[in-house]
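Here's a quick walk through the charged pairs and a few other spots worth finding in the viewer. Have the sequence open alongside as you read.

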Amino acid sequence: MHQPKTMDELIDLVHQAVYEVDELRACIEDEPEEMERYLPFIDQLDVQLRKLFDDMTAGRYSCPAQTDLDFMPLVQKWGRDIPFKPLLVAINQAHRNGFRS
């Protein structure tokens, strides 16, 4: 997974993660039998990613930080069911470690 080198690249990754949540919701609507698999985490993940994106675009966010992002407990618990888990891990790594050049 691509590691962001700038804040703009990190914002783009978070925007991509928000899009992935929207796509996952669309799949759930098309295949209701999959709903049980994603219901335990999708709403909370959606709220946390959108808040992070809003904070970033409003200038209320900075990195690196000493703690994981709020969504990481969901990733740790439900990661096997999150098709875009590597994207979330990359976002968290940039959050914790800053940008790589």
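## Salt bridges and their surroundings

D81 and R37 pair up in a salt bridge, with their closest N and O atoms 3.0 Å apart. D81 sits in the loop between α4 (72-78) and α5, while R37 belongs to helix α2 (residues 35-38), so this pair ties together parts that are 44 residues apart in sequence. Bear in mind that this is a predicted model.

How do the two partners sit relative to the surface, buried or exposed? D81 is buried because its relative accessible area is 11%, under the 20% cut-off. R37 has 37% relative accessibility, so R37 counts as partly exposed.

That pair has company: the structure holds eight salt bridges. As a general point, side chains of opposite charge can pair when their charged atoms come close.

Now to D55, which turns up in a salt bridge with K51 and also in one with R60. D55 and K51 are both part of helix α3, four residues apart, or about one turn of the helix. D55 counts as buried, because its relative accessibility is 14%. R60, on the other hand, counts as exposed at 57% relative accessibility. Elsewhere, D22, R25, D43, D46 and R50 are joined into one network by salt bridges that share partners.

Here are the three pairs described above, with the distance between the N and O atoms:

| Salt bridge | N to O distance |
|---|---|
| D81 and R37 | 3.0 Å |
| D55 and K51 | 2.7 Å |
| D55 and R60 | 3.0 Å |

## A patch of negative charge

Which residues form a negative surface patch? The members are E29, D30, E31 and E33. Take E29 as an example: you'll find E29 in helix α1 (residues 7-30). E29 has a relative accessibility of 65%, so E29 counts as exposed; the cut-off for that label is over 50%.

## A histidine under cover

H95 is part of helix α5 (residues 85-97). With a relative accessible area of just 6%, H95 is buried. What does the side chain of H95 have 3.0 Å from one of its polar atoms? That would be the backbone oxygen of T67.

## Two spots in between

Q44 and P40 both get the label "partly exposed". Q44 has its place in helix α3 (residues 42-57), and its relative accessible area is 43%. Going from C-alpha to C-alpha, Q44 and Y19 are 15 Å apart in space, and their positions lie 25 residues apart in sequence numbering.

P40 is in the loop between α2 and α3, and P40 has a relative accessibility of 38%. Along the chain, P40 and I28 are twelve residues apart, and 13 Å separates their C-alpha atoms.

If you'd like one place to start in the viewer, try D81 and R37: one partner is in a loop and the other in a helix, and the buried one is D81.

Conventions:
Residues numbered from 1 in each chain as written. Predicted model: local features only at pLDDT ≥ 70, side-chain atom pairs only at ≥ 80, totals over all residues. Heavy atoms only, no water. Patch = residues over 30% accessible without salt bridge, like charges linked within 9 Å, V, L, I, M, F, W, Y side chains within 5 Å. Areas by Shrake-Rupley, 256 points an atom, 1.4 Å probe, with all protein chains shown as cover. Salt bridge = Lys/Arg side-chain N within 4 Å of Asp/Glu carboxyl O. Lys, Arg positive; Asp, Glu negative; His and termini not counted. Charge placed at Lys NZ, Arg CZ, Asp CG, Glu CD. Helix = DSSP H or I, 4+ residues; strand = E, 2+ residues; numbered from the N terminus. Buried < 20%, exposed > 50% of the residue type's maximum accessible area, 1.4 Å probe, protein only. Polar contact = N/O pair within 3.5 Å; in protein donor to acceptor, adjacent residues only side chain to side chain.
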